[in-house]
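Q: Please take a close look at one part of this structure for me: the place where the two chains meet. I am new to this, so keep the steps short.

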Protein chains: 2
Amino acid sequence: MQLTGELLIGGDSRFGTNGEIKGVNPATGQTLEPAFGGATKADVDQAAALAHEAFASYRALPYETRATFLEAIAEHIEALGDDLIVRVMAETGLPRPRLEGERGRTVGQLRLFAGVLRDGGFLEARVDPAQPDRKPLPRPDLRLRNVPLGPVAVFGASNFPLAFSVAGGDTASALAAGCPVIVKAHPAHPGTSEMVGRAIQAAVASVGLHPGVFSMIHDSGYEVSQALVADPRVKAAGFTGSRRGGLALLAVAQGRPEPIPFYAEMSSINPVILLPAALEARAEKIAPDFVAALTLGAGQFCTNPGLILAIDGPELDAFVAAAGQAVEAAPAAVMLTPGICQAFSHGVEALVGAPEVTTVARGQKGADGSHTGQAALFSVAGQAFLANPHLHEEVFGAASIVVRCADQAELERVIAALEGQLTIALHLEEADHALAAALLPTLELKAGRILVNGFGTGVEVANAMVHGGPFPSTSDGRTTSVGTLAIARFLRPVSYQNLPEALLPAELKTDNPLGVARRVDGKLKLA
Amino acid sequence: MQLTGELLIGGDSRFGTNGEIKGVNPATGQTLEPAFGGATKADVDQAAALAHEAFASYRALPYETRATFLEAIAEHIEALGDDLIVRVMAETGLPRPRLEGERGRTVGQLRLFAGVLRDGGFLEARVDPAQPDRKPLPRPDLRLRNVPLGPVAVFGASNFPLAFSVAGGDTASALAAGCPVIVKAHPAHPGTSEMVGRAIQAAVASVGLHPGVFSMIHDSGYEVSQALVADPRVKAAGFTGSRRGGLALLAVAQGRPEPIPFYAEMSSINPVILLPAALEARAEKIAPDFVAALTLGAGQFCTNPGLILAIDGPELDAFVAAAGQAVEAAPAAVMLTPGICQAFSHGVEALVGAPEVTTVARGQKGADGSHTGQAALFSVAGQAFLANPHLHEEVFGAASIVVRCADQAELERVIAALEGQLTIALHLEEADHALAAALLPTLELKAGRILVNGFGTGVEVANAMVHGGPFPSTSDGRTTSVGTLAIARFLRPVSYQNLPEALLPAELKTDNPLGVARRVDGKLKLA
């Protein structure tokens with residue numbers, strides 16, 4: 001595919017007139033062609049108008065057609081072939097196997113949502129039949145299903161150029177819900193974005209949908225993003241990125257005359273708790289696994305293990321020593337953008353300079369001028385961690401702090417002081433079960449996912465996945481941005497009272513022609 | 001029960017020191033004894049501390065015990081006997097049959113949520129078994145369930161002194177979810193609140209729960225309410241009241257260091273659309289039913305029909321004439337409080353004085369000095385309605401505006417211009433089906449409940465009920481405050497990865513000992 005640098009507005013494309021953006025190869029510092037034209041507020045307005053117009057026909061499609069559309073997107077992305085992988089590699093510095101895997105995940109989640117549409121469970125259909133003879137008053141016929149919210153704005157993430165970008169989880173779940181999507185492409189991978197955006201455009205055309213179902217704009221500033229969230233025709237937004245960026249857009253979403261849901265996945269340090277028996281049994285085995293998770297993808301995962309919690313003692317010393325060795329051996333890793341690399345470097349230097357923090361180990365240093373991150377492992381006493389809230393903040397990249405807790409009581413105080421997290425991991429042996437059981441109720445209130453004897457970096461796209469969590473890990477801990485439950489973010493329930501059979505949506509008609517599971521008079525019934 | 005005027009803080013009670021509140025009989029203007037002491041911020045702090053402390057043990061209860069607790073509350077409310085009804089009548093001016101019905105609804109919804117707990121569907125349990133042999137990477141074992149958010153603040157509503165107050169829908173659904181509740185009693189019925197609050201306290205004691213599970217405070221200002229929503233231990237809030245009050249508290253909830261969900265049910269004019277064939281067939285039959293719904297409970301329902309939309313013509317003239325006659329016959333009705341009565345009167349006078357609005361009819365006028373509302377029916381041209389946003393605002397009480405649309409296109413423009421609503425009603429005959437089908441997609445985006453050939457005033461407590469709707473009818477259109485789905489407001493999903501069987505919550509253990517429905521590998525399975 002020949003890249004044009006154009007905005008994709010509905011079925012059309014044109015070069016944006018609000019400045020230019022170019023991709024940069026972070027491995028070489030080389031600027032990549034072509035230039036991408038930035039969107040104006042008029043472009044946002046047109047995309048929103050088209051999305052609003054498309055919503056009427058798009059949401060009315062049979063669910064089977066919507067499923068076919070998601071599958072068509074997956075096919076069109078696959079048809080981009082190796083050109084896509086080559087461009088993503090150039091724009092992100094991420095290695096081929098990772099990106100091939102990420103492409104598989106991206107098309108996999110589109111197909112997963114096709115299955116969700118065919119299953120129909122997302123409709124949460126309910127039927128309470130009339131009781132005309134009930135005393136003192138008859139009961140009306142009541143039926144309920146979920147309907148889509150309306151056009152959704154999606155902000156592409158820098159760290160998942162495929163799986164959380166133009167055709168990523170937010171787009172897939174919003175399109176599955178019946179919502180047109182307007183993507184604000186991440187300026188770190190504009191070429192990748194154009195390729196995937198054109199694949200979606202092609203799928204829209206091949207299924208014969210209203211072209212306003214999908215638009216994509218470029219912008220490297222904030223104003224256009226804010227205009228997109230503020231547009232009255234946009235009814236929800238999905239975002240993965242920094243806490244500062246997420247909170248700024250959240251404020252726009254809440255400050256509108258009609259506030260809208262804004263789903264930001266923002267900030268998490270993903271504590272890993274090493275329980276005593278596990279530490280005693282396998283400190284030196286856990287350590288390299290931890291460092292592998294820490295340094296995976298240059299540490300640029302939302303679920304990167306940024307905090308280790310354990311009770312102090314010789315077993316923890318052994319863990320720290322082994323982890324330190326592994327960190328020292330970790331090669332310098334190209335980071336996604338010069339800006340991310342600089343922010344990581346500043347975050348690490350702040351920890352190096354903090355008097356209460358011990359620098360355990362630094363990884364290999366990259367060549368001067370390269371946009372590489374140098375892994376870092378720190379340690380700090382539990383008391384000092386409790387006293388300094390800055391140590392609770394995410395440093396995006398391969399940096400982690402071991403918190404040496406004086407005893408179990410201090411460990412519990414440290415856990416209680418944690419902010420909301422995407423994940424919390426427990427390393428445990430059977431002898432730790434009693435302690436783990438005591439900690440679990442608190443962990444459930446702190447994180448969206450709790451995992452045992454592993455690290456949070458692999459986020460399975462599944463039915464039982466929660467990639468979300470209490471504030472500030474996300475702006476809305478009642479949801480997930482990964483997995484089939486993500487569709488619920490873009491739906492709301494509507495109740496229908498005494499509608500004639502002819503006017504009921506198919507999923508609520510008495511003979512259940514779509515064969516969806518329904519809750520009838522409070523009892524769940526399969527088709 | 002001897003009323004004391006005390007705050008109920010956990011299992012204790014004491015007289016509040018922040019001013020005094022007295023009930024007023026709106027029918028007589030008579031002040032009611034005793035005085036109720038207002039809460040200080042220190043009282044809020046103590047209630048929140050107790051709720052936080054109680055949360056740990058309360059959420060860990062077997063669901064069966066939680067169900068028993070809800071049933072015990074219902075029994076203790078019933079045991080208050082006629083004393084309760086007599087006090088509510090005195091404080092609200094509402095008639096006995098209405099209040100006996102509302103008591104039945106209140107205990108009924110507590111028992112309904114007991115059933116929800118026994119069913120287990122609210123847990124949304126999901127299991128994705130491990131696939132250790134999957135290539136290229138094994139799939140972990142993933143399981144998901146909903147957990148409660150934490151202590152919930154509930155603001156009692158003036159217009160449902162039982163069903164949306166101390167032991168009302170918000171309290172029942174929050175307690176069912178596993179959340180301790182702190183109620184801010186509505187100052188219009190403090191005695192009713194104390195009686196019901198003490199019934200809950202007695203149920204807490206009889207089931208042997210931590211007393212922090214329930215507290216209730218009095219206050220007639222804003223500061224204490226704001227302190228309650230701002231308290232870091234409070235994790236969600238439910239509110240039914242005015243748009244101004246709801247938005248003020250919503251801003252507090254969003255402005256916290258850790259924002260929380262704030263579910264405000266605020267403002268709705270509940271349009272009733274009379275389609276042509278229905279109007280032709282039975283204009284004069286619909287009219288008295290409409291006026292009965294309009295004047296029910298002095299019009300003080302969130303779902304009161306404040307707007308009639310129809311295409312102009314002789315059939316609409318007939319409807320307006322018949323409705324006007326019925327309004328003229330409507331007796332003056334005691335309103336809930338002098339303040340509500342005054343606000344209604346101001347709202348009606350503004351419509352009377354609006355040059356584009358025609359006063360069709362006024363109901364009977366009450367005695368001078370009585371806190372009675374005089375029903376009012378107005379009409380306005382579609383064009384004028386479109387041009388004046390003030391005509392879209394709720395006048396809380398028995399006032400309604402008939403919008404005479406020039407033609408179907410104008411009717412559609414008027415519908416498109418509506419704000420979010422709790423309900424929209426359609427009156428139709430079979431000949432109207434095509435038009436109704438064309439309107440329905442828009443109506444679904446405007447309202448939480450769509451009903452046919454009726455009025456929204458009866459809100460059935462059911463599985464398929466949505467009492468909610470797009471902003472500004474509520475602050476969060478993704479939810480309902482009536483019916484079993486209301487429990488979802490106080491829950492969030494947590495995913496468990498590779499947990500040993502011994503550490504899994506019962507509903508996620510492999511052999512499903514609680515017998516709950518679960519989604520296994522994406523397929524819904526009954527127990």
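A: What follows is a walk across the interface, then a look at salt bridges elsewhere in the chains.

The model is predicted. Start with size. The size of an interface is often given as the accessible area lost when the parts come together. Between chain A and chain B, about 5,900 Å² is buried. Carbon and sulfur atoms give 57% of that area. The contact takes 69 residues from chain A and 69 residues from chain B.

Next, the charged pairs. Side chains of opposite charge can pair when their charged atoms come close. Ten salt bridges are found across the interface of chain A and chain B. One of them joins B:R59 to A:E444, with the closest N and O atoms 2.5 Å apart. Polar contacts are counted too: 40 residue pairs between chain A and chain B.

Which parts of chain A supply this side? Helix 1 (41–60) and helix 14 (433–446) each give at least two residues. So do strand 5 (126–128), strand 6 (142–148), strand 20 (447–452) and strand 21 (491–497) of chain A. By class, the side of chain A that touches chain B has 38 nonpolar, twelve polar and 19 charged residues.

Now look beyond the interface. Over all chains, the count of salt bridges comes to 67. A:E223 and A:K41 form one, at 3.6 Å from N to O. This pair links distant parts of the chain: A:E223 is in helix 7 (residues 223–230) and A:K41 is in helix 1, 182 residues apart. A:E223 counts as exposed because its relative accessibility is 54%, and the cut-off for exposed is over 50%.

Chain B has its own pairs. B:R198 and B:E6 meet in a salt bridge at 2.9 Å, N to O. B:R198 lies in helix 6 (residues 190–207) and B:E6 in strand 1 (residues 6–9), so the pair ties together parts 192 residues apart in sequence. Both B:R198 and B:E6 are buried.

Then comes B:E71 with B:R118, at 2.7 Å, N to O. B:E71 sits in helix 2 (residues 63–79) and B:R118 in helix 4 (residues 96–119), so this bridge ties together parts 47 residues apart in sequence. B:E71 is partly exposed, at 22% relative accessible area. B:R118 is also partly exposed, at 40%.

Finally, return to both chains. Salt bridges that share partners join A:R59, A:R145, A:E507 and B:E444 into one network.

Notes:
Residues numbered from 1 in each chain as written. Chains lettered and ligands numbered in written order. Predicted model: local features only at pLDDT ≥ 70, side-chain atom pairs only at ≥ 80, totals over all residues. Heavy atoms only, no water. Contact = heavy atoms within 4.5 Å. Buried area = accessible area lost by both parts, 1.4 Å probe. Salt bridge = Lys/Arg side-chain N within 4 Å of Asp/Glu carboxyl O. Polar contact = N/O pair within 3.5 Å; in protein donor to acceptor, adjacent residues only side chain to side chain. Helix = DSSP H or I, 4+ residues; strand = E, 2+ residues; numbered from the N terminus. Nonpolar A, V, L, I, M, F, W, Y, C, P; charged D, E, K, R; others polar. Buried < 20%, exposed > 50% of the residue type's maximum accessible area, 1.4 Å probe, protein only.
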